[in-house]
Amino acid sequence: MTKTPIVNVVDDIIAYAAKAGASDIHFDPREDYLMVRIRIDGDLQDYTKIPKMYERNLITRIKLIANMNITESRLPQDGSIKGAIKDVSLETRVSTLPTNEGEKCVIRILDYSRSLEGIESLGFNNDNFKKLEKMIAEPNGIILVTGATGSGKSTTVYSILQVLNKKETNIITVEDPIEMNIEGLNQVQVNSEIGLDFATVLRSILRQDPNIILIGEIRDSETAKIAVRASITGHLVLSTIHTNNSLSTIERLLDMNVERYLLSSALSGIISQKLAKKICPHCCIKEKTTPYQKKIFKMALNKDVSEIYNANHEGCDKCNKGYHGRIAIQEVLEINDEIRNALNEESLEKDDLNKLVYKSDVITMLQDGLLKVLDGSTSFDEIYRIIDVDDDLDVYCKIRGIEYKEDDNALKDPKDNVRKTKGKEDEIL
C-alpha cells in the first residue's frame, strides 16, 4: 500500500468491483482504518482495509474523478464517473456523506447490459410476458413498475422503452437522475433547486406532442394526478412507485387523492417485482422437500413436490456461497373491467379489492417464486427471505375459502424459526 499511488489504488478497487459484477462499492470510515466493501448479488462483502492515514487522499481522488467539490467535506455531495478505468468501460453514480469518523463514499456501478438485452431477458414467465406485451401495445394508459429500492425497477422500465423506441413515436422522459442515455429519446433531468420538479416538467411535456411519457418516479400527489390525467388524454405513461404488490399500489394511489374515476380509466397494469439470488448451476444440489415446503407448494401451486434444487453453500470457483447473479420475481396485474368498476366504488373495502385482484388470473409473487424454485433458478430459502410466505398464503387461502393455520407445528419447517429473522442471510444459509 505504501508504495502504491492512491490513483492506482482507486482504479484497482473500481475495476475489480466492476469485473466481479458488483452493484456498489462502499468506502466506510472507521476509527483506525477505511473499510472497503463491495455489494455482489445484493450482499455486502468486506474487500480490504486501508490505513486511516490514506483515507482523506483516497476520498479526494474519488471526488476528483467524479467532478465533485474536493474542498467541501461538511456537506453531502453527488457526482458521477463515466469512461474507462483499467480498460473497463463503466458508468457510475458517486455519493459522499459526512460521518463522525470521516466522509463515507458510495459508488453505484450502473449496469445497463440487462436493459439492452430486451424484455425477453427479464425472467417473466409465459403468462406474465403475454400480459406485459398486451399492456405496452395499448396507445394510452398508465403502466406502473413497483418494488423496493434496488429491486430492478429501472432495468424493467428501460427494457420496455427499448421495445417502444421507434422512429414514429415521440418519447419524453423526466428522471431524477437520468440513469441511462438512450438514442432517440428526449430525456429531461429534474433539478429541484431551480424549481424544475416532476410536476413542472410534466406540464411542459404535455405541450411537446408526446406519444409515450416516462416519469422516473411518482413521489407525491401532484405528480400522480398529472400522470393519470396524461394517460387519459391519449398518452402511454410509464412510471415507478415504491410499493410491495399490486394491491398496495392501488391503495397508495388512492391515498395520494387520485380521483377514483380517473384511476379506474387510466390504470392499464402493475408490474411488481423483487430480486432473488440465482443458484449457481455448476454446484447446485438436489434436496428432499421438508413437510413445511411440501405444504407451501401444495397450497400455492397445487403441486406435490418431493425434491427441489438448493444452493451448495460451500460454493465453487464460479459463485459466491452457491449463488451467482439475481433473477426477478414478478407479479403482473392487468386491470380488467371488473377491477375498473370496483375502483369507482367509494365503499370498496380492502378485502373486496383483494379478492378481485387475486381472483383474476394473477400469478402472485409467491407463486412465481416457487415456480422458479422448481426450475432451479433460485432456492426456497431465497423466496422465504424476500416474500412474507405466511401472509401471502393467508390472503390466498381466504380468497379460495381455505383455512390456513400458520401455527400448524406439525407442518412447520424445523429451520423456520431461524428463517423468521429476515435479512440475516448468514442465519438463513
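Strand β1 (residues 24-29) and strand β6 (residues 102-110) pair in the antiparallel sense, with four bridges between them. One residue pair to look at here is I25, whose bridge partner in β6 is I107. The coordinates come from a predicted model.

These two strands belong to an open sheet of six strands with antiparallel pairing, in the order β3-β2-β1-β6-β5-β4. The sheet ends at β3 (43-51) and β4 (77-85), the edge strands, each of which pairs on one side only. From one strand to its neighbour in this sheet the average turn is 20°, direction ignored.

Two helices accompany this sheet. Helix α1 (residues 6-19) packs on the sheet and touches β1, β2 (33-40), β3, β4, β5 (88-99) and β6. The direction of α1 makes about 115° with that of β5. Helix α2 (residues 55-65) lies across β1, β2, β3, β4, β5 and β6, and runs at about 40° to β6.

Further along the chain there is another open sheet, with seven strands in the order β9-β8-β10-β11-β7-β12-β15 and mixed pairing. Its edge strands are β9 (186-189) and β15 (323-334), and each pairs on one side only. Neighbouring strands in this sheet are turned by 15° against each other on average, again ignoring direction. Helix α4 (residues 126-137) lies across β7 (141-146), β11 (236-241), β12 (267-279) and β15, and its course is at about 60° to β15.

Within the seven-strand order, β8 stands between β9 and β10. The pairing of β8 with β10 (residues 212-215) is parallel and spans four bridges. I172 has I213 as its bridge partner in β10.

Strand β8 covers residues 171-175, and E175 is in this strand. The side chain of E175 raises a question of charge: which side chain of opposite charge is nearest to E175, and how far away? The residue is R93, at 8.3 Å. E175 is buried yet has no salt bridge; the cut-off for such a bridge is 4 Å between a side-chain nitrogen of Lys or Arg and a carboxyl oxygen of Asp or Glu. E175 does have a polar partner, however: a contact of 3.1 Å joins its side chain to that of Q187.

The surroundings of E175 can be listed, leaving out residues up to four places away in sequence: E175 touches Y158, Q187, V188, Q189, V190, F198, L214 and G216. Q187 thus appears in this list of contacts and also as the side-chain partner in the polar contact.

How values were computed: Residues are numbered from 1 along each chain as its sequence is written. This is a predicted model: local features need pLDDT of at least 70, side-chain atom pairs count only at pLDDT 80 or more; totals for chains, interfaces and linings use all residues. Side-chain values use heavy atoms; hydrogens and water are left out. Buried means under 20% relative accessible area, exposed over 50%, partly exposed in between (1.4 Å probe, protein chains only). Lys and Arg count as positive and Asp and Glu as negative; His and the chain ends are not counted. A polar contact is a pair of N or O atoms within 3.5 Å; within protein, one must be able to donate a hydrogen and the other to accept it, and residues adjacent in sequence count only if both atoms are side-chain atoms. Contact means heavy atoms within 4.5 Å. Two strands pair if DSSP finds at least two bridges between them. Axes are lines fitted to C-alpha atoms, for helices over the stretch in contact, and angles run from 0 to 180 degrees between N-to-C directions.
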